[in-house]
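User: I am new to this structure and would like a close look at one part of it, the helix that borders the largest cavity, together with whatever surrounds that helix. Please take your time and connect the pieces as you go.

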Amino acid sequence: MSNVKANKVVLVGDGAVGSSYAFAMVAQGVADQLVIIDLVEEKVKGDVLDLNHGMPYGESPSIVTAGSYADCSDADLVVITAGAPQKPSETRLDLVEKNTKIFKSIVGQIMDSGFDGIFLIAANPVDVLTYVTKKVSGLPKERVIGSGTILDTARFKYELGAEFGVAPESVNASIIGEHGDSELAVWSQASIAGQNLYDILNGDPERAKRIEEIFLNTRDAAYDIIKAKGATYYGIAMGLLHISKAILRNQNLVLTVSSYLEGEYGHKDVYIGVPTLVNRAGAVKIYETPLNERETKEFSHSVEVLKETTKSVDKLFN
């Protein structure tokens with residue numbers, strides 16, 4: 001019998017984001033075992049059957065089952081996508097109180113199982129709920145990770161690639177800060193196929209104006225998608241897959257996940273999207289991207305927005 005330890009992932013939340021993530025994980029064979037938990041048990045049963053029927057055409061076989069919080073006891077990774085969805089008229093921060101209460105219950109039950117792996121959070125407001133997860137779980141900051149601005153960064157790369165006629169992979173640019181309205185683009189470090197973006201824009205005011213529009217389109221993309229079809233799920237599911245692979249395959253990728261600051265960028269005690277080294281041990285190192293004066297002010301503002309919201313969360317623990 002093989003003594004190689006299988007990668008086990010537990011997904012909590014089988015809504016649009018969760019089921020999209022499960023499909024992507026099975027299609028690429030990232031986990032050896034995938035357990036799905038949701039209050040709507042019939043939906044889970046249906047998805048488990050559907051995913052297992054498609055498994056013969058995936059990259060490698062996975063065991064997909066319906067489960068309970070007890071299944072988290074030996075999980076390597078628990079991904080939480082459960083929570084109240086964002087409505088068309090709401091900001092991500094409007095969801096704070098109701099999703100904090102939901103998360104206190106979910107994380108508490110997971111920890112009661114004896115879980116000692118890594119949390120990956122993808123419910124809004126993600127930075128605040130990642131903070132809540134750390135507070136409830138008591139796990140080290142490296143093992144509590146939020147999806148952060150990984151989707152915003154992907155959207156940004158896509159938009160810039162389309163503008164300059166190159167693949168997104170040839171764009172080096174990132175969105176950092178809150179996954180929300182106070183996020184910022186790190187223009188000073190952005191490059192297209194190795195060329196600094198500021199150098200490319202020099203002497204081209206029309207394109208410079210268009211670039212600013214690209215950031216606004218990136219920041220507000222979720223509102224447009226929610227208005228059009230009710231929710232965003234494919235993009236974030238692919239982002240979660242990317243983070244999961246970085247963890248389970250020990251890839252040492254630097255990703256703009258939501259990480260806990262302990263003095264980096266001059267701030268403390270806040271989860272926020274920043275470039276972070278992600279591997280089998282979790283979010284192990286934050287990289288402090290050089291910011292110009294404007295970007296530094298914008299990042300500080302984003303931190304303050306999240307800290308102000310976190311104050312209301314702390315009251316729910318008292």
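Analyst: A residue is called buried here when its relative accessible area is under 20%, and exposed when that value is over 50%. With that cut-off in hand, and bearing in mind that this is a predicted model, the helix to begin with is H10, which covers residues 293-315.

H10 has 23 residues and spans 34 Å from its first C-alpha to its last, which is close to the 33 Å expected at 1.5 Å a residue. At the start of the helix, a side-chain oxygen of asparagine 292 comes to within 3.2 Å of the backbone nitrogen of arginine 294. The buried residues of H10 are Glu295, Phe299, Ser302, Val303, Leu306, Thr309, Thr310 and Val313. When reading such a list, it helps to recall that an α-helix has 3.6 residues a turn, so residues three or four places apart point the same way.

One residue of that list, threonine 310, deserves a closer look. Its relative accessibility is 8%, and threonine 310 therefore counts as buried. A polar atom of its side chain lies 2.7 Å from the backbone oxygen of leucine 306, and leucine 306 is itself among the buried residues of H10. For a sense of scale, threonine 310 and valine 186 are 124 residues apart in sequence, while their C-alpha atoms are 25 Å apart in space.

Leucine 306 and threonine 310 also meet at the cavity. A search of the whole structure finds 1 cavity of 30 Å³ or more, and the largest cavity holds about 30 Å³ of space. Its lining is made up of Asp127, Val128, Tyr131, Val270, Tyr271, Leu306 and Thr310. The elements that give two or more residues to this lining are helix H4 (126-137), S13 and H10, and H4 gives the most, with 3 residues. By class, the residues of the lining divide into 5 nonpolar, 1 polar and 1 charged.

Each of the other two contributors leads a little further into the structure. Ahead of H4, proline 125 is found in the loop between strand S5 (118-121) and H4, and the peptide bond that joins asparagine 124 to proline 125 is cis, with omega near -5°.

Strand S13 runs over residues 268-279 and pairs with S12 in the antiparallel sense over 10 bridges; within this pairing, leucine 255 stands opposite threonine 276 in S13. In general, strands of a sheet pair through backbone hydrogen bonds, either parallel or antiparallel. S12 and S13 form a hairpin with 5 residues between them, and glycine 263 in the turn has a positive phi of about 115°. Tyrosine 265 lies in the loop between these two strands, and its phi is near 60°, a positive value in a residue other than glycine. With a relative accessible area of 13%, tyrosine 265 is buried.

Asparagine 279 also belongs to S13, and because its relative accessibility is 10%, asparagine 279 counts as buried. The side chain of asparagine 279 is joined to the side chain of asparagine 252 by a polar contact of 2.8 Å, and a polar atom of the asparagine 279 side chain also lies 2.9 Å from the backbone nitrogen of alanine 281.

The partner strand S12 covers residues 253-262, and 7 of its 10 residues are buried, so S12 is largely enclosed by the rest of the structure. S12 is also one of the elements that give two or more residues to the lining of the largest pocket, alongside helix H5 (150-164), strand S7 (171-172), helix H7 (205-219) and helix H9 (234-248). That pocket has a volume of about 850 Å³, and its lining counts 30 residues, of which Ile150, Thr153, Ala154, Lys157 and Ala173 lie nearest its centre. The largest share of the pocket lining, 8 residues, comes from H5, and by class the lining has 15 nonpolar, 11 polar and 4 charged residues.

To draw the picture together, H10 and S13 both contribute to the lining of the largest cavity, S13 is paired with S12, and S12 in turn contributes to the lining of the largest pocket.

Conventions. Residues are numbered from 1 along each chain as its sequence is written. This is a predicted model: local features need pLDDT of at least 70, side-chain atom pairs count only at pLDDT 80 or more; totals for chains, interfaces and linings use all residues. Side-chain values use heavy atoms; hydrogens and water are left out. Buried means under 20% relative accessible area, exposed over 50%, partly exposed in between (1.4 Å probe, protein chains only). Helices (H or I, at least four residues) and strands (E, at least two) are DSSP runs, numbered from the N terminus. Two strands pair if DSSP finds at least two bridges between them. A polar contact is a pair of N or O atoms within 3.5 Å; within protein, one must be able to donate a hydrogen and the other to accept it, and residues adjacent in sequence count only if both atoms are side-chain atoms. The expected span of a helix is 1.5 Å times one less than its number of residues. On a 1 Å grid over the protein atoms alone, a cavity is a set of points where a 1.4 Å probe fits but cannot get out, and a pocket is an open set with protein on both sides within 12 Å along at least five of seven lines; lining residues have an atom within 4 Å of a point. Grid points are joined across faces, edges and corners, and a volume is the space filled by probe spheres set on the points. Ala, Val, Leu, Ile, Met, Phe, Trp, Tyr, Cys and Pro count as nonpolar, Asp, Glu, Lys and Arg as charged, and the others, Gly among them, as polar.
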